[in-house]
Amino acid sequence: MKHRKVVRLSLTLLLSLLCGFSYAQTQNVLGLVSDSKGESLMGVNVSVVGTKTGTVTDLDGKYSINVSPNAKLQFSFVGYKSKTVAVAGQSQVNVTLEESDKSLDEVVVIGYGVVKKRDLTGSVSSIKSGDLAKVSTSNAMQAMQAKVPGLDIQQSSGESGAGISMTLRGNRSISATNSPLVLVDGIEYGSTLDIDPSDIESMEVLKDASSTAIYGTKGANGVIIITTKHGKAGKTKVNFNAYWSSNSPTDVSKVMYGTKEVQRLIDKSDYQTNYKTYAASGTWGTASSAAADVLTESLSDGTTQMSIYNDGSYTDWLDIILKNGMTQNYDVAISGGSDLTQYNISAGLMRDAGLMKNDVQDRYNGRVNIDHQINKVFKVGTNILFTYKDHDKRNSSVYSQALKMTTITHPYLTDGTMNETPNPFYAAHCNPLLDEIPGAFQNNIKTSRFFGNVYLQINPIKNMTFKSMFALDETGERTGLYQDYKSVARYQIGSGYISNTWDNTTKYTWENTLNYMTDFGHSRHSLTAMLGHSMSQSVFTETSTYGSTAAEHYYKSSFYDLTKITSPTNSNQYVKSSMLSFFGRLNYSYKDRYLLTTSLRTDGSSALADGHKWGSFPSVAAAWRIIDEPWMEKISHSLSNLKLRASWGLSGNAAIDAYSTLAKLSSDVYYYTAGSDVAGKFPNSISNSNLTWEKTSAYNFGLDFGLANNRISGSVDFYINHTYDLLYYKSAPASCAFPNMLGNVGKTKGHGLEVALNTLIVKSRDFSWDVNWSYSMARDKITKLADGVTQDINGTTGLIVGQPVSTYYDYETNGCWGIGEFAQYLSDWKTRHPDGASSFPSTYGLPGTLKVVDRNDDGTIDSNDRRVYKRSPNYIVGMNNTLTYKNFTLSFLVYARVGGWISYDMNNQLNYESANWGDLDYWTPTNTNAKFPSPGADKTTYSTYSTALKYEKADYLKFKDITLSYDMPKSLLSKVGVGSLRFYGSLKNFFTISHINNYDPERGGAITFPLAKQVVFGVNLQF
């Protein structure tokens, strides 16, 4: 008994000693985990190496853990490099985690699938949600301007809700569109993107044919894939974004104002007086007119022009018409879910007030994305977007009318009523303010669009996925127009006008795809196969009623009461088209560094002729990840990425009108037969039973690189395109009743270079400077038109073999003729051509008239003297800078578009009769180097060759966006349950440098609705 007690006591003492020894070997370690900016990181995993012991950091980034003094702690967090630290007996271990470079593991959306960026074989650029959050515009597509090499985006109008124009890798087509295909969640959408930027997860731009051939007949001009945000399992998140923008006109073209306009009238009078003296004596006269000689008219209330001149009470019409606009945008999104169901629901409101009174667009968005995993096999979901827009538009001719108006007048009479005809020189010029009388002009467009899809996803076996998606895109639009008989457009006509148009477009799409992945039992080989089927149908209907009204005011009934139309005209349209497609793709990888992609798509289109409805579009691409070769390990410390890419593909362009292959009949015509009219029709176009789509064969060679752990990274792409079977109106045989017919007869080719460069110039604890560069150069030219045709000139535009696809073709001027200069020119010409005879127009060479260049020096001005003005830029450069200091971020985007010409309409604002001129430098006897002719000179030469004055170099450098933002510290926000809070202010489109005064060449030459510069204030809030 005693023996047992002794044993028990001994064991108890031994266990106590062991426990005491064990306790003596552990200690409590405290610490703080933060990022490179000093911000604490919540939720960081802290584990003891070699054990299952671990913890996570709290809301303030702090942790506490019991460990052995010799233990090692490992810190890991998503988006940051893991770090292992030896405790070494310390009681406090603070750690700073560095952000990891995940760029190569980013998922990039491609046609009918996704792929890691490291495994891309084609040329694809991507814009992520972080960049889109900085965009304050009605069209999120502008987020890509100057950031995607090869993509040329321009905005030509400052009207509320104005769209943009886009080309990718230059021009290919002559008659069909050159705009890229835009998809939202896999379905064709259109270039006007009525989606809040905060609702977009990413934008991918597929540029080379190996990427776009999977879209067959619609992929020749590139593809832009928009992916909206989906919910994620976890805590519910609420995002609220708002911004307010004050918009003011920028770079407004000027007309002659006040004393300048008076001086022009004086110079006109002097020229006409002195030229008679010159013609008689050979010397320019000295007589000079005075203001009283040219200001002889009065307004209808008796106010004289001389009194306006004396008191300086001129009228600046553009200053009256233009105003500052205001844009407001609000959107809220709720996202979250469980492991089975995820959701993202959002709503948005935008009110965009333009730069003219009553130019306003309201837009309302609602979006629902839901994904639900029924079980391990079945998954369903839906993506739904509904947009409603209410747009009150202004008549663009009001702006043009204001440019014509004399400033030596008053808009209102002395009794306060509107001066309806304020131009005493020409009574037909009505007051441009007439449309601002309440109800006098109403142009209202209401649009509703349902854009959504539902899908079923089945995983029948491991690594196999079948997805079936049905999409509906339905747009309804009502356009109502009322022009009072005293509105600007109808003033001279003397009657009002009403039209009411209802459009409806319904598009159905059903797509089925089957994907299978295998690595052949963890071998060095891996394969992803995709097979797909798509069928779509589009139905467009339009009904319109329009006509003139009596000379009465219908301000209240407006365009709603069609009975006010005296003789209404009704028109209807119905257009139906459909397409059936089959496609497939194989992605093969060997050792994760030798990559091969092949695809094939076959399309059948109802728009094409029997026997030509089907076409096939193959592609192949290969890539070599050189950086992963074993022999590259020696330089891997300095070279972090190196990949070569090469691809070829064939894609198409079927952008022709439905029924283009058929002969069409005219509207009703009447024949007088047997003493009465008989209704009938006759063909007004010729059919072409061989019509098919254009095809583009394209090669792409690319290099992806990264240096110094990708602190410097980027890509270089060189491409060559050949487009053939161009849709082009060729001349019909002489025996045919029609002058031309649409056929597949032309060819174009192009090439270009694109560079994307990302440079992290400075990165420290508190400060970083990141610069992203983009450069693109595109060249294209026509290599063939119809058989035997080398050029096709239509007005001032031309299609010429050997020249770029998009050109102006017109005469060239070299200033104006000086006094006696033409006689000397003829003498010199005769010396060069002793046996020749000149035949210039009779009024050509008069002092102060246009000097049109005789380019071939043959002594006459004819069509052979015209030249090509290339419209496309030589190259485009973008530089996006981001400087961060602690919680402050300054970003600015510099954008340069170099080369090319625009046709500047203001250069034709020379009205020789009775309207005002643009503020142009014109010829006088003391200003003989002027570009524009004298206001008193003979106008014959100007009337014939005036368009030659319009061409201006389109180069410009623009500070597109300057934004300063501040992120509230997360340590403060976490105490009130807020995830993030960002305030920002932006200056947009404020600084432009170009060859043209008071004009932004991005507008492309138009002088209606100037662009706006914006002062933006915004907030981004997340709970």
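**Close-up views of a surface patch and selected salt bridges**

**View 1. A nonpolar patch on the surface of the predicted model.** In this predicted model, the residues V454, F470, Y508, W510 and M535 make a nonpolar surface patch of about 460 Å². One of these residues, M535, has its place in strand β25, which covers residues 525-549. With a relative accessible area of 37%, M535 is partly exposed, and it can belong to the patch because patches are made of residues with over 30% relative accessible area and no salt bridge.

**View 2. The salt bridge between K393 and E159.** Among the 34 salt bridges counted in the model, one joins K393 to E159, and the closest N and O atoms of this pair are 3.8 Å apart. K393 lies in the loop between β21 (378-392) and α8 (397-404), while E159 lies in the loop between β11 (151-154) and β12 (165-168), so the pair ties together parts that are 234 residues apart in sequence. K393 counts as partly exposed, at 24% relative accessibility, whereas E159 is buried, with a relative accessible area of 14%; the two residues fall into these classes because buried means under 20% relative accessible area.

**View 3. The salt bridge between K950 and D905.** Here K950 forms a salt bridge with D905, and the closest N and O atoms are 3.1 Å apart. The pair links distant parts of the chain, with K950 in the loop between α10 (940-945) and β45 (951-953) and D905 in the loop between β44 (901-903) and α10, 45 residues apart. K950 is buried, with a relative accessible area of 15%, whereas D905, with a relative accessible area of 30%, is partly exposed.

**View 4. The salt bridge between D961 and K988.** In this view D961 forms a salt bridge with K988, the closest N and O atoms of the pair being 2.1 Å apart. D961 lies in strand β46 (residues 956-967) and K988 lies in strand β47 (residues 980-994), so the salt bridge ties together parts that are 27 residues apart in sequence. Both D961 and K988 are buried.

**View 5. A network of salt bridges that share partners.** The residues K643, R645, D704 and D717 are joined into one network by salt bridges that share partners.

Conventions:
Residues are numbered from 1 along each chain as its sequence is written. This is a predicted model: local features need pLDDT of at least 70, side-chain atom pairs count only at pLDDT 80 or more; totals for chains, interfaces and linings use all residues. Side-chain values use heavy atoms; hydrogens and water are left out. Patches are made of residues with over 30% relative accessible area and no salt bridge: like charges are joined within 9 Å, nonpolar side chains (Val, Leu, Ile, Met, Phe, Trp, Tyr) within 5 Å. Accessible areas come from the Shrake-Rupley method with a 1.4 Å probe; for residues, only the protein chains shown count as cover. A salt bridge is a side-chain nitrogen of Lys or Arg within 4 Å of a carboxyl oxygen of Asp or Glu. Helices (H or I, at least four residues) and strands (E, at least two) are DSSP runs, numbered from the N terminus. Buried means under 20% relative accessible area, exposed over 50%, partly exposed in between (1.4 Å probe, protein chains only).
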